[in-house]
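Biologist: I am new to this structure and would like a close look at its nonpolar interior. Please take me there step by step.

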Amino acid sequence: MRFDPRSLVDVAVLVAREAGELAVSMREAAVTDVDTKSSATDVVTAGDRASEQLVRRRLAELRPGEPVIGEEEGGTAAVEGLTWVVDPIDGTVNYLYGIPHYAVSIAAQVDGESVAGAVVEPVGGRVWTAAKGGGAWLDGRRLSVSDATRLDLSLLGYGFAYRPERRQRQADVWAGLATRVRDMRRAGAASLDLCAVAAGRLDAYAEHTLGRWDWAAGALLAREAGAVVHLPGEAPELGADATFAAAPGIADALFTALVECGFGKV
């Protein structure tokens, strides 16, 4: 079965915008209804749940019969055909604390590969999109990764796992890497970090423990903008659950530096 990635992007944008509007409208009440998942710091709010329910309902209306994998309600990819991958609020801790840096991320995947995606920022209104072979875009402006060629002058985005013991090992890695790069940023929303690589706002990004919903749309944007991208399972030296995106001019140097600092053993 053939799919038009551009039409899938349109659906993703439409639904993500609606979900984002819902998340914003209900935030004050949503953050009083909070549960935890893998640890006490891994939170889910009523806003996450309501956003995903809206996405599932709208996709069922617009694309009937196509399965959905979501962060909060799970799901299984289709053996054949297209699957939607949804993060209803990426950056839930930011959402919880009233920090406006969060997004709704929706991607369409065929056989596990992203072919279309949208990352919508509900507060700022920015819309990041990509279709396989069609480039990466921010509000109609085509994106390109940075022209960085020196790791020591590069800005790196990163993230932490939720379990304290793994966080400590990750902190040790980032401490070792800190002297090898210009600076590092921890913003708290993986999809937006990957979009930042696509836009050249970050020279690179690396993180462990991401779910498919975290990277499905953002990694497509980064790759379509020219980044070197390794998804979980693709680069064993970085660890089985590592996600990596970097401008081509520093990708090899950063990969080597991460390995030397123990990134693959956290």
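Biologist: Before we go inside, what radius of gyration does the chain have, and what would a compact globule with 266 residues have?

Modeller: This is a predicted model, in which local features need pLDDT of at least 70 and side-chain atom pairs count only at pLDDT 80 or more, while totals for chains, interfaces and linings use all residues. Residues are numbered from 1 along each chain as its sequence is written, and side-chain values use heavy atoms, with hydrogens and water left out. The chain has a radius of gyration of 17 Å, which agrees with the value near 18 Å for a compact globule of 266 residues; the radius is taken over C-alpha atoms, and the globule rule is 2.2 Å times the number of residues to the power 0.38. Of the 266 residues, 52% count as buried, meaning under 20% relative accessible area with a 1.4 Å probe, protein chains only.

Turning to the interior, the largest nonpolar core holds 61 residues, and Trp128, Leu143, Trp174, Leu177, Leu221, Leu254 and Leu258 touch the most other members. Such a core is a set of buried Ala, Val, Leu, Ile, Met, Phe, Trp, Tyr and Cys residues joined through side-chain atoms within 4.5 Å. Helix 6 (residues 190–199) gives the most to this core, with eight residues; helices here are DSSP runs of H or I, at least four residues, numbered from the N terminus. Leaving aside neighbours within four places in sequence, Leu177 is in contact (heavy atoms within 4.5 Å) with Leu156, Leu254, Ala257, Leu258 and Cys261. Apart from this largest core lies another, of 24 residues, among them Leu8, Val11, Leu82 and Val115.

Key: Buried means under 20% relative accessible area, exposed over 50%, partly exposed in between (1.4 Å probe, protein chains only). Helices (H or I, at least four residues) and strands (E, at least two) are DSSP runs, numbered from the N terminus.
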